[in-house]
Each structure stands twice: as C-alpha cells, then as structure tokens.
Amino acid sequence: MTDTFKTRVHQIVAKIPVGQVLTYKQVAELAGSPKAARAVGNILNKNRNPLVPCHRVIRSDGQIGGFAFGTSKKKEILLKEGYLQ
DNA sequence: GAGCTGACATGTT
DNA sequence: CAACATGCCAGCT
C-alpha cells in the first residue's frame, strides 16, 4: 500500500463527514507526523484533489486558513455544510 | 535520473 | 508582533 504521508492525508481528509472539520494539526497527527501541519496544507494546496474536501480542514485556532479557490469560498462552503452557521 | 533550494493553506514559543 | 521548528512539493541544475 502506498502509505506515504501525502496519501495518508488524502485518505484522512476524504473520510471527514459533512458538517465536521479537522484541523491541520489533527490531520498531521493522524497521518503520523504531529509537527507536519504545514506539510498537510502544502499537500492539499499543491494537489488540491477534487476527491478530497480540503475545505473541511481548518487551523487549530478555529480560523479558516487558506483555500486554493479563495478563502471566502471556503467559508461559504463550511457555511453551507452546516459547520458554520 | 538525482540532488538542492525556495515556497507554503501551520503551530508553538 | 516576530522568529523558529517541522514536512512536503515544484522547479532548476
């Protein structure tokens, strides 16, 4: 199995249910590197796979963070998903 | 094909 | 507010 950090991040993020979000740090920790929060954002940013809801990954501060299609768009999606209100 | 540098959507001190 | 720590990717040589 291709158990690389990048692949693992994709699998974890793809399993996030609607209305729920994970932080970059949480995803990095589940992926096997609790200090690789930045790497998680990098993977989603460079790969931004349509199969991976990268908009469901936010900062540990509760901030939206960033988004390849626009930070405002990410907020809008979370609003629509029900995480925000 | 292999190695190095820079950039990045974070986090902690 | 600013600097440092940690990991991956893209581009260049």
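At what angle do H1 and H3 pack, and how far apart are their axes? In this predicted model, the two helices pack at an angle of about 80 degrees, and their axes are 10 Å apart. Angles of 65 to 115 degrees count as roughly perpendicular, so H1 is roughly perpendicular to H3. On the H1 side, the residues that meet H3 are Phe 5, Lys 6, Val 9 and His 10. On the H3 side, they are Ala 39, Val 40, Ile 43, Leu 44 and Asn 47. By class, the residues of this contact are six nonpolar, two polar and one charged.

**DNA strand C**

The residues around DNA strand C are Phe 5, Lys 6, Lys 35, Ala 36, Arg 38, Ala 39, Asn 42, Ile 43 and Lys 46. Sugar or phosphate accounts for 54% of the strand C atoms within 4 Å of the protein, and bases account for the rest. Helix H1 (5–14) and helix H3 (37–47) are the elements that give two or more residues to this surface. The largest share, five residues, comes from H3. Sorted by class, the surface near strand C has four nonpolar, one polar and four charged residues.

**DNA strand B**

DNA strand B is surrounded by 13 residues, and the closest are Tyr 24, Arg 38, Leu 44, Asn 45 and Ser 60. Of the strand B atoms within 4 Å of the protein, 46% belong to sugar or phosphate, while the rest belong to bases. Helix H2 (24–31) and H3 each supply at least two residues of the surface near this strand. H3 gives the most, with six residues. The classes here are four nonpolar, five polar and four charged residues.

**Polar contacts with the DNA**

The table lists distances from polar side-chain atoms to atoms of the two strands.

| Residue | DNA strand | DNA atom | Distance |
|---|---|---|---|
| Arg 38 | C | base nitrogen | 3.0 Å |
| Asn 42 | C | base oxygen | 2.6 Å |
| Tyr 24 | B | base nitrogen | 2.7 Å |
| Lys 25 | B | phosphate oxygen | 2.9 Å |
| Arg 38 | B | base oxygen | 2.7 Å |

Arg 38 appears in the table for strand C and again for strand B.

**Thr 71**

Another residue to look at is Thr 71, which lies in helix H4 (residues 71–81). Is Thr 71 buried, exposed or partly exposed? Its relative accessible area is 38%, so Thr 71 is partly exposed. Apart from neighbours within four places in sequence, Thr 71 is in contact with Ile 64, Gly 65 and Gly 66. Thr 71 and His 55 are 16 residues apart in sequence, and their C-alpha atoms are 9.1 Å apart in space.

Definitions and conventions:
Residues are numbered from 1 along each chain as its sequence is written. Chains are lettered from A and ligands numbered from 1 in the order in which they are written. This is a predicted model: local features need pLDDT of at least 70, side-chain atom pairs count only at pLDDT 80 or more; totals for chains, interfaces and linings use all residues. Side-chain values use heavy atoms; hydrogens and water are left out. A residue is near a molecule or strand if one of its heavy atoms lies within 4 Å of it. A polar contact is a pair of N or O atoms within 3.5 Å; within protein, one must be able to donate a hydrogen and the other to accept it, and residues adjacent in sequence count only if both atoms are side-chain atoms. Helices (H or I, at least four residues) and strands (E, at least two) are DSSP runs, numbered from the N terminus. Ala, Val, Leu, Ile, Met, Phe, Trp, Tyr, Cys and Pro count as nonpolar, Asp, Glu, Lys and Arg as charged, and the others, Gly among them, as polar. Axes are lines fitted to C-alpha atoms, for helices over the stretch in contact, and angles run from 0 to 180 degrees between N-to-C directions. Angles under 35 degrees count as roughly parallel, over 145 as roughly antiparallel, 65 to 115 as roughly perpendicular and the rest as oblique. Contact means heavy atoms within 4.5 Å. Buried means under 20% relative accessible area, exposed over 50%, partly exposed in between (1.4 Å probe, protein chains only).
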